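Open the model in your viewer and keep the sequence panel visible. The tour goes from the whole chain to single residues, one selection at a time.

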Amino acid sequence: MPEDLVLIARVRKPHGIKGELEIESFSWDENRFDKLKRVFLRDREGVLSERTIESARSTNRGILIRISGIEDRNASESMRGAEIFIPEAERATLPEGRAYHDQIVGMTVIDDETGEAIGAVKSVLDMPASDVFVLDLGGNERLVSNVGEEVVRFDIASKELRVRLLHEY
């Protein structure tokens, strides 16, 4: 099994009696599951297994998928809360200047004016207007918008987020 797996969805609950699963997708591509054939499923006990996506469809309540080896309601009930992964190499390429949340979390926050490391990115909030970075600055939490003037740039290769923080009021 590959070690460089990326979480792309979580099973919310079973759907119907034929083993379909309602999932919460973390992908920006609404049709991502139509294109996937192979995934890795980690059940509630932490057991990781390679599976095949047999079908995927969108509904007004979310995405429904059928996965090999899950044939009935009982089997699908046992997958509640399971996580769905793909190898990082199969991750869709993002446009220039964009990054996946897991690539940003953990980045070192650098003060652009001084070049000094001042903290780390704790998490990313997916907000309607833009992503908001939650920064841990020596025990103090600070929220900055990805499209605001405080974020100068981020570099995935060096795992750095350069900021020019405005003074709090």
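The stops below begin with the whole chain and then move to strands, charged pairs and one loop residue.

**Whole chain**

Start with everything shown, and keep in mind that this is a predicted model. The chain has three helices and 12 strands. Along the principal axes, its C-alpha atoms fill a box of roughly 60 × 35 × 30 Å. Of the 169 residues, 37% are buried. The exposed surface comes to about 10,200 Å², and carbon and sulfur atoms supply 47% of that area. Among contacts with a separation of 6 or more, 51% are between residues 24 or more positions apart.

**Strand S9 and the strands beside it**

Select residues 131-137, which form strand S9. Six of these seven residues are buried, so the strand is largely enclosed by the rest of the structure.

Add residues 117-126, strand S8. S8 and S9 run antiparallel and are joined by six bridges. To see one pairing, pick Val124 and look across to Phe133 in S9, its bridge partner. Four residues make the hairpin connection from S8 to S9.

Now add residues 140-145, strand S10. S9 and S10 also have six bridges between them and run antiparallel. Here Leu135 has Arg142 in S10 as its bridge partner. Two residues lie between the strands in this hairpin, and Gly138 takes a positive phi near 60° there.

**Salt bridges**

Hide the strands and show the charged side chains. Side chains of opposite charge can pair when their charged atoms come close. How many salt bridges are there? The count comes to 17.

Select Glu22 and Arg12, which form a salt bridge with their closest N and O atoms 3.5 Å apart. Glu22 is in strand S2 (residues 20-25) and Arg12 in strand S1 (residues 5-15), so the pair, 10 residues apart, links distant parts of the chain. Glu22 is buried, at 7% relative accessible area, while Arg12 is partly exposed at 38%.

Next, select Arg91 and Asp102, a salt bridge with its closest N and O atoms 2.5 Å apart. This pair also links distant parts of the chain: Arg91 sits in the loop between strand S6 (83-87) and helix H3 (101-104), and Asp102 is in helix H3, 11 residues apart. Arg91 is buried, with a relative accessible area of 13%, and Asp102 is partly exposed, at 46%.

Arg66 and Glu71 are another pair to select, with a salt bridge of 3.4 Å from N to O. Arg66 is buried, at 18% relative accessible area, whereas Glu71 is partly exposed at 47%.

Then select Asp112, Glu113, Glu160, Arg162 and Arg164 together; a network of salt bridges links them.

**Asp43**

For the last stop, select Asp43 in the loop between strand S3 (38-42) and strand S4 (48-59). What does a buried Asp43 have around it if it has no salt bridge? The nearest side chain of opposite charge, Arg51, is 6.4 Å away. The side chain of Asp43 does reach backbone: the nitrogen of Glu45 is at 3.0 Å, and the backbone nitrogen of Val47 lies 2.9 Å from one of its polar atoms. Beyond its neighbours within four places in sequence, Asp43 is in contact with Met79 and Ala82.

Note on methods
Residues are numbered from 1 along each chain as its sequence is written. This is a predicted model: local features need pLDDT of at least 70, side-chain atom pairs count only at pLDDT 80 or more; totals for chains, interfaces and linings use all residues. Side-chain values use heavy atoms; hydrogens and water are left out. Buried means under 20% relative accessible area, exposed over 50%, partly exposed in between (1.4 Å probe, protein chains only). Lys and Arg count as positive and Asp and Glu as negative; His and the chain ends are not counted. A salt bridge is a side-chain nitrogen of Lys or Arg within 4 Å of a carboxyl oxygen of Asp or Glu. A polar contact is a pair of N or O atoms within 3.5 Å; within protein, one must be able to donate a hydrogen and the other to accept it, and residues adjacent in sequence count only if both atoms are side-chain atoms. Contact means heavy atoms within 4.5 Å. Two strands pair if DSSP finds at least two bridges between them. Accessible areas come from the Shrake-Rupley method with a 1.4 Å probe; for residues, only the protein chains shown count as cover.
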